[in-house]
Amino acid sequence: TTSPLTPLCAVADVPAGGCRRIALPGRPPLAVFRIDSGIHVTDDTCTHGDASLCDGEIEDGLVECPYHQGAFDIATGKPAGAPCTIALRVYPAQVQDGQVLAALPVQEPA
Ligand code: FES
């Protein structure tokens, strides 16, 4: 089964080399990254604490958490620096007509 694609924002709304935080109702916030390797969509909240990764530093395909300087590989979500040990969730993303779309998991009823 494939999740339907959810439009998140325009590519132009994401700064080049940067990130945009997207809050959809009923979901944890998402981060749309626009880096050399393309557009990537991940959870925005660090897996180590309650930090917004879009507030972090982005360099060489990594995002550094603003709280304790842990890091993640943006494309894979793998932890790339202590104290982060739990992978960041990543979502399949694509660009259509200048819009970023992501395959998000179907939400469980509350
Ligand atoms: Fe992100 Fe601690 S909250 S490294």
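Four strands make up an open sheet here, in the order β2-β3-β4-β9, with antiparallel pairing. At the edges stand β2 and β9 (90–91), each with a single partner strand, so one side of each has no neighbour in the sheet. Keep in mind that this is a predicted model. Let's walk through the sheet, then look at the cores, a pocket and a few residues with something to show.

**The four-stranded sheet**

- Start with strand β2 (residues 18–22), which pairs with β3 in the antiparallel sense over five bridges.
- To find this pairing on screen, look for G18, which stands opposite R34 in β3.
- Next comes the pairing of β3 with strand β4 (residues 38–43), again antiparallel, over six bridges.
- One pair to look for here is F33 and its bridge partner in β4, H40.
- The link between β3 and β4 is a hairpin, with two residues between the strands.
- On the other side of the sheet, β4 and β9 run antiparallel and are joined by two bridges.
- V41 has Y91 as its bridge partner in β9.
- Is strand β3 (residues 30–35) largely enclosed or left open? Five of its six residues are buried, so the rest of the structure largely encloses it.
- A handy rule for looking at any sheet: along a regular strand, side chains alternate between the two faces.

**A separate hairpin**

- Strand β10 (residues 93–96) and strand β11 (residues 99–103) run antiparallel and are joined by four bridges.
- Within this pairing, V95 stands opposite V100 in β11.
- β10 and β11 form a hairpin with two residues between them, and D97 sits in the turn.
- D97 has a positive phi, near 50°, even though it's a residue other than glycine.
- Is D97 buried or exposed? Its relative accessible area is 82%, which is over the 50% cut-off, so D97 counts as exposed.

**Two nonpolar cores**

- As background, nonpolar side chains in soluble globular proteins tend to be buried together.
- The largest nonpolar core has 14 residues, and F33, C46, L53, V63 and F72 touch the most other members.
- Which strand gives the most to this core? That's β3, with three residues.
- L53 has quite a list of contacts beyond its neighbours within four places in sequence: D43, D44, T45, C46, V63, C65, P66, F72 and L88.
- There's also a second, separate core of 13 residues, and I22, V41, Y91 and V100 are among them.

**The largest pocket**

- How much space lies in the largest pocket? About 160 Å³.
- It is lined by 12 residues, and R27, P28, R89, Y91 and P105 are the closest to its centre.
- Sorted by class, the lining has six nonpolar, two polar and four charged residues.

**Two buried residues to find**

- C19 is found in strand β2.
- With a relative accessible area of 13%, C19 falls under the 20% cut-off, so it counts as buried.
- Leaving out neighbours within four places in sequence, C19 is in contact with V14, A31, V32, F33, C54 and I58.
- C19 and D55 are 36 residues apart along the chain, yet their C-alpha atoms are separated by 8.4 Å.
- S52 lies in the loop between β4 and β5 (57–59).
- Being in a loop doesn't leave S52 exposed: its relative accessible area is 14%, so it is buried too.
- Beyond its neighbours within four places in sequence, S52 is in contact with R21, D44 and P66.

**Backbone details in the loops**

- Where does Q69 lie? You'll find it in the loop between β6 (62–64) and β7 (71–73).
- Q69 isn't a glycine, but its phi is positive, at about 60°.
- Its relative accessibility is 42%, so Q69 counts as partly exposed.
- The peptide bond from A82 to P83 is cis, with omega near 5°.
- P83 has its place in the loop between β8 (79–81) and β9.

Technical notes. Residues numbered from 1 in each chain as written. Predicted model: local features only at pLDDT ≥ 70, side-chain atom pairs only at ≥ 80, totals over all residues. Heavy atoms only, no water. 1 Å grid on protein atoms, 1.4 Å probe; cavity = no way out; pocket = protein on both sides within 12 Å on 5 of 7 lines; lining within 4 Å. Points joined across faces, edges and corners; volume = space filled by probe spheres on them. Nonpolar A, V, L, I, M, F, W, Y, C, P; charged D, E, K, R; others polar. Buried < 20%, exposed > 50% of the residue type's maximum accessible area, 1.4 Å probe, protein only. Pairing = 2+ DSSP bridges. Core = buried A, V, L, I, M, F, W, Y, C linked by side-chain atoms within 4.5 Å. Contact = heavy atoms within 4.5 Å.
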